[in-house]
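Please open the model in your viewer and keep the sequence panel beside it. The tour below moves from one selection to the next and says what is found at each stop.

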Amino acid sequence: MNKFKLLAGFLLVILSIAACKKDSSGPEPDPSEEPGNGIPASFSYLTTHQVNVSIQLLSNNNQPVAGAVVTVVAADAPEKTFMKGVSDGAGFVKGVISVPSYLDTIAILPKYTGLLNEVRSVIKGKSTVNIVIGGENGLSGDVVISSANSAMASLEKFRGDASTQGLFGTDYGFPSPYTSAADAVVNTSEYPFSLGRPKYLSTTSDVIDASLLSYINASIPEGLPLTQTHPEYLTSTVQSNIVVTQNDTEVFITFVSEGASYRNSLAWYSYPTNNPPTQASGSSLVGAIDAVTYVFPNASAYGSSGGLRTGNKVSLGRFNAGTTVALVLIQDAWSASSGVSYTNTKFYTDSRFNPESNTSLRKHSVMLYDSRHNLFLFGFEDINRTSSSDNDFNDLVVYASGSRAGSISTTNVALIDTRVDSDGDGVEDDLDEFPNDAARAYTSYYPSANSWATLAFEDNWPNQGDYDVNDLVVNYRYTYVSNAGNNVVEMTGDFQPIAAGADFKNGFGVQLPVASSAVASVSGQSLTNGYVTQAANGVEAGQARAVIIPFDNHENLLKNADGSPQVNTDPSKAKATGSIASVTVRFTSPVTTAALGTAPYNPFLISNRRRAYEVHLPNNVPTDKADKSLFTTGADNSAPATGRYYLDKNNSPWALNFADAFSYPSETKSISSTYLRFLDWAKSGGTSYLDWYVNTAAGYRQTNNIYK
C-alpha cells in the first residue's frame with residue numbers, strides 16, 4: 001500500500017500533496033480517505049489555554065504591599081514561567097498567562113519575606129483566578145490550602161510528647177497547664193488544616209503593617225544569601241538572644257512568616273545572663289539547659305501545612321532583669337500523627353550549640369532591633385549550613401517584644417535595615433535586577449531561561465501535506481526586560497531550527513501585536529537571501545504591524561555537513577546542530593503586557609523563499625505581505641470573512657505550537673501514527689487527552705516513530 005493510503009485513517013494535520021519534498025512519486029491520496037474527518041470546524045489546535053490572573057499582596061491589616069516581585073510558574077515544574085511582575089500601589093499583580101492545556105495547578109511565588117513564598121492555585125477548567133496573599137485571613141481566594149497530612153489526624157491519637165530525658169537531662173514540654181500536643185493544640189472547623197496551632201496563643205494578634213514588612217524584606221530578603229546582603233549580621237560579636245533588663249517583664253514571641261518546606265517547631269529556654277549553659281544537654285544538670293518549652297509546635301503558616309497567621313503571638317511569661325531568653329528551632333519536628341519530636345536536629349540562637357564543625361557556619365539565626373516598631377526580629381536558617389542551605393535566614397521569621405519600652409537590651413544587637421531604592425522606581429535594590437536603572441526592574445522568560453517551546457510546520461501550503469510535521473521545526477524562547485510598572489522595555493527571541501524535513505529552503509517570521517512604529521530597533525536576524533526588505537528600525541518594511549524575520553532560510557542556521565536536504569529527520573543520518581538567531585526588539589516606549597499579549601504571538605513559515613507564501617498556526621491572520629489569493633486554492637479551506645485561516649476542508653492545520661520542547665516524528669511517520677491520542681484530542685475539540693504529546697504511558701506514543 002502506498003504512503004498516502006497508509007496515512008488515510010489518521011487525522012493529521014498538514015499538507016503536501018505535492019512537489020516540495022521527499023518522495024512524492026506515489027499517487028495522490030483519495031479525498032474520501034483523507035484524515036481529519038470528525039474534527040470540529042472551530043478547533044484551532046491550541047495546546048495552551050489562557051487564564052486571567054489577579055494577585056493581591058496585603059499586610060495583615062490589609063495594607064497593600066507594593067514593590068514585591070511575583071512569579072507565576074507551573075506548580076510541579078517551577079522552571080516553567082508564565083508571568084512575572086511587580087506589585088503596584090494597591091498590591092496587585094495582574095495579567096494573562098498562557099499555560100499548557102494539560103496543566104492543573106500553578107504556583108505563585110512572591111519574592112517578599114513576610115509573605116508566603118509559595119501559594120498554589122488550581123486553574124483546570126478556569127479562565128480567571130483571584131488570589132489574596134496576606135490580609136486578615138492570611139490567604140484567600142482561588143488557592144489550595146495545603147495540609148500537614150493527606151487525611152486529618154485525630155487529636156485523640158496524638159501521643160503525649162512532653163519529654164523527660166531523666167532526672168539529669170533536658171526536659172521538653174508545653175507551657176502550663178498543657179502537658180502534650182493532645183491538649184495544647186487546636187484543630188477546629190475554622191482552621192481545617194491547622195494542626196499544631198497552639199491553644200495558648202494571645203487573644204489579640206499583633207498588627208504587622210506594610211512598613212514593617214518592607215524593613216523585614218530589606219533585612220533578610222527572600223532567596224538571597226545573607227552572607228552577601230548583610231554579612232555584618234553574622235559576626236560573632238552581635239547579640240543573638242533576648243536579654244531582659246527590667247524586672248517583671250513579659251516577653252512575647254510573634255509569628256511573622258515561614259519560607260520552609262519543613263514543619264519546624266520553635267521553642268525557648270532561659271538562664272541567668274551571668275551564668276549561661278555550657279552545653280545544650282547532658283547527663284547531669286551541671287552546665288546543661290534545664291528545660292525547653294514549645295512556642296509554636298508547628299511553626300508553619302495557614303496555607304502552608306500549618307495554622308499560624310501573621311501576627312499570632314505567645315507570651316513566654318514574666319522575667320526579671322538579668323535573665324536571658326534563647327530560642328531553638330527543631331527541624332521538621334511536627335507530625336500530625338505524633339505531635340512534636342524533640343529528638344530532631346536543633347538550631348539554637350546560641351550558635352555554640354549548633355552542629356557545624358566550622359564555627360563560621362554555626363550561626364543559624366539573626367537578631368535585629370527595629371526602633372520604629374520597638375521589636376527584635378529573628379530570622380532562622382533551618383538546614384545545616386555545610387550542606388544545601390540557601391543562607392537567606394528567613395525559613396522562619398518571628399519577633400520578640402517586651403511588655404514595656406526598654407525592657408530588652410539593645411546592646412550589640414544589629415539594626416534592622418530599611419528600604420533602599422537607589423533608582424526610585426518603587427522596587428527596592430535587593431529585588432531590583434537593575435537597581436541603578438529606573439527604566440528597568442526585572443527580567444522574565446517564556447517558557448523559561450533554559451528550556452524551549454516548539455513550532456512544527458508543514459511547508460507545502462496551500463497543498464496538502466504528508467503529516468509528519470517536520471518540514472521545519474523551530475525551538476523558541478523569549479526573554480523580556482520590564483520596568484517597575486510591568487511594561488516591557490525590550491524583548492529577545494531565541495529561535496533555533498532543529499529539523500528541516502523538506503527540499504524547500506524555508507524562512508521564519510513572527511508578527512507582534514504592536515504597530516511597526518512602536519519598535520525602536522531590531523537586531524540579531526540572519527538574513528542572507530535578499531527577499532526580505534527591512535525598514536530603518538529593523539522590522540520588515542511594508543507591514544502595519546511589527547514583523548520580525550529571524551531567518552530567511554533555515555540553511556543559514558541548520559544544514560547537513562554534506563549539503564544534503566532534509567536535516568535531522570532521518571535517524572540513519574548524522575545529526576546536525578542548529579545555530580540560534582537571537583533577535584532583540586527594543587520598543588520606542590514601554591509596551592503594556594496587555595498590548596503585547598503572550599507567546600507565541602503570530603509565528604509563520606515562509607515557504608521556499610517565496611515571501612508571499614506564509615504558513616501560520618490555525619486561525620492566525622496572514623501578514624500584509626501574504627498573497628491572499630492563495631486562500632481556498634489547493635487544499636486550503638480558509639474563510640477570511642469569518643476568521644478561519646490555514647485549515648483544510650477536513651479541519652487539519654499546517655502548523656502546531658507547543659509550550660514544551662516537542663519530540664517530532666521521523667521522516668514519513670505521521671503525527672497521528674506517532675502520537676496515538678492526537679486524533680482523539682482533535683476530534684474532542686481539545687477537551688480530551690490534553691497531554692497527548694507529553695504523556696509517555698502505554699497507548700500514547702509509538703516511540704520508534706519519534707526522531708532521536
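The confidence of the predictor in each residue is given as pLDDT, on a scale from 0 to 100. This is a predicted model, and the mean pLDDT of the protein is 90, with 90% of its residues reaching 70 or more.

Begin by colouring the chain by pLDDT and selecting residues 1–35, where the value stays under 50 and where the model has 115 contacts beyond four places in sequence. Then select residues 148–167, a stretch whose pLDDT is also below 50 and which has 55 contacts in the model beyond near neighbours in sequence. Where pLDDT is low, the predicted coordinates should not be read in detail.

Next, show the whole protein as a cartoon, in which seven helices and 35 strands make up the secondary structure. Of the 708 residues, 58% are buried. Among contacts with a separation of 6 or more, 70% join residues that are 24 or more positions apart.

For a single residue to look at, select F319, which has its place in strand 16, residues 313–319. Is F319 buried or exposed? With a relative accessible area of 8%, F319 is buried, since the cut-off for that word is under 20%. Leaving aside residues up to four places away in sequence, F319 touches a group that includes V244, Q246, N247, D248, T249 and V251, and also W268, S270 and V325. If you add S407 to the selection, you will find its C-alpha atom 10.0 Å from that of F319, although the two residues are 88 apart along the chain.

Now turn to the empty spaces. Rolling a probe the size of a water molecule over the atoms shows where empty space is left.

Select L109, P110, N117, E118 and E222, which are the closest to the centre of the largest pocket among the 43 residues that line it. This pocket has a volume of about 910 Å³. To see which strands border the largest pocket, highlight strand 2 (69–74), strand 3 (77–86), strand 5 (105–111), strand 6 (119–122) and strand 25 (442–446), each of which supplies at least two residues of the lining. Colouring the lining of the largest pocket by class gives 16 nonpolar, 14 polar and 13 charged residues.

Move on to M83, K84, G95, V96 and T593, which lie nearest the centre of the second largest pocket, itself lined by 31 residues. The volume of the second largest pocket is about 580 Å³. Which strand gives the most to the lining of the second largest pocket? That is strand 4, with seven residues, while strand 3, strand 25, strand 27 (472–482) and helix 5 (593–596) are among the elements that each supply at least two. Domain 1 (48–141) and domain 3 (442–668) each provide at least three residues of this lining, which by class holds 16 nonpolar, twelve polar and three charged residues.

The last stop concerns the cavities, of which the structure holds four of 30 Å³ or more. Select G114, G134, G138, V256 and T310, the residues nearest the centre of the largest cavity, which is lined by 20 residues and contains about 170 Å³ of space. Strand 13, residues 249–258, gives the most to the lining of the largest cavity, with four residues. Why does the largest cavity lie between domain 1 (48–141) and domain 2 (171–415)? It does so because both domains give residues to its lining.

Methods. Residues numbered from 1 in each chain as written. Predicted model: local features only at pLDDT ≥ 70, side-chain atom pairs only at ≥ 80, totals over all residues. Heavy atoms only, no water. 1 Å grid on protein atoms, 1.4 Å probe; cavity = no way out; pocket = protein on both sides within 12 Å on 5 of 7 lines; lining within 4 Å. Points joined across faces, edges and corners; volume = space filled by probe spheres on them. Nonpolar A, V, L, I, M, F, W, Y, C, P; charged D, E, K, R; others polar. Domains from an automatic or database assignment. Contact = heavy atoms within 4.5 Å. Buried < 20%, exposed > 50% of the residue type's maximum accessible area, 1.4 Å probe, protein only.
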